[in-house]
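Got your viewer open? Then let's take a walk through this structure, one selection at a time.

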Amino acid sequence: MLVRKINRKVITLLTQLSDNRELDIQQNKHIKVTGSFGGEKRTFTLASSPSGGYEKHMRSAVKRFITSLNIKTTHSHPFF
């Protein structure tokens, strides 16, 4: 799967999980996605120049990020 496609799916998923369905996306060296989740401001970082196994790495990172949030979710694994 293409890196851009994976990043878009992650951003879409995080947008759906955010409190007000809005995220702030910034890119310097990495893509930083900031939003309000469960009343708390949280940041998730995507790799801008990924290496092999990016899809597997991002799936794990997203899963850990979602479990660390103070929200109840109905999304099932795998996310993409």
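**Stop 1: the core**

Of the 17 residues in the largest nonpolar core, select V10, L14, F44, L46, M58 and V62, the ones that touch the most other members. A nonpolar core here is a set of buried Ala, Val, Leu, Ile, Met, Phe, Trp, Tyr and Cys residues joined through side-chain atoms within 4.5 Å. Buried means under 20% relative accessible area, exposed means over 50%, and partly exposed is in between (1.4 Å probe, protein chains only).

Now colour the elements that feed this core: α1 (3–17), β2 (31–37), β3 (40–46) and α2 (54–68) each supply at least two of its residues. Which element gives the largest share of this core? That is α2, with six residues. Helices (H or I, at least four residues) and strands (E, at least two) are DSSP runs, numbered from the N terminus.

Before you go on, a word about what you're looking at: this is a predicted model, where local features need pLDDT of at least 70 and side-chain atom pairs count only at pLDDT 80 or more, while totals for chains, interfaces and linings use all residues. Residues are numbered from 1 along each chain as its sequence is written, and side-chain values use heavy atoms, with hydrogens and water left out.

**Stop 2: the whole chain**

Zoom out and switch to cartoon view. You should find two helices and three strands in the protein chain, and reading along the sequence gives the pattern α-β-β-β-α. The protein chain has 80 residues, and 30% of them count as buried.

Try a surface view next. The protein chain exposes about 5400 Å², and carbon and sulfur atoms supply 47% of that. Accessible areas come from the Shrake-Rupley method with a 1.4 Å probe, and for residues only the protein chains shown count as cover.

**Stop 3: the strands**

Select β1 (residues 23–27) together with β2: this pair runs in the antiparallel sense over five bridges. Two strands pair if DSSP finds at least two bridges between them. Where is the bridge partner of Q27 in β2? Look at I31. A hairpin of three residues joins β1 to β2.

Now add β3. β2 and β3 also pair in the antiparallel sense, over seven bridges. I31 turns up again here, with L46 as its bridge partner in β3. The hairpin of β2 and β3 has two residues between the strands, and G38 in this hairpin takes a positive phi near 60 degrees.

As you look along a strand, keep this in mind: in a regular strand the side chains alternate between the two faces of the sheet.

**Stop 4: T34**

Click on T34, which sits in strand β2. Buried or exposed? T34 is buried, because its relative accessible area is 14%. Show its side chain and that of T43: a polar contact of 3.4 Å joins the two. (A polar contact is a pair of N or O atoms within 3.5 Å; within protein, one must be able to donate a hydrogen and the other to accept it, and residues adjacent in sequence count only if both atoms are side-chain atoms.)

Leaving out residues up to four places away in sequence, T34 touches L23, D24, K41, R42 and T43. Contact means heavy atoms within 4.5 Å.

**Stop 5: the rings**

A search of the whole structure finds two aromatic pairs. For one of them, select F37 and F65: their ring centres are 5.6 Å apart and their planes at 90 degrees, so this pair is edge-to-face. Rings of Phe, Tyr and Trp (its six-membered ring) pair if their centres lie within 6.5 Å; planes under 30 degrees apart count as stacked, over 60 as edge-to-face and the rest as tilted.

This pair links distant parts of the chain, with F37 in strand β2 and F65 in helix α2, 28 residues apart. F37 counts as buried at 2% relative accessibility, and F65 is buried too, at 7%. Add F44 to your selection, and you have one aromatic cluster of F37, F44 and F65.

**Stop 6: S18**

Go to the loop between α1 and β1 and pick S18. S18 is buried, with a relative accessible area of 2%. Its side chain has a polar atom 3.1 Å from the backbone nitrogen of R21, and the S18 side chain also reaches the backbone nitrogen of E22 at 3.3 Å.

**Last stop: L69**

Finish in the segment after α2, where you'll find L69. L69 is buried, with a relative accessible area of 6%. Not counting residues up to four places away in sequence, L69 touches F37 and R42.
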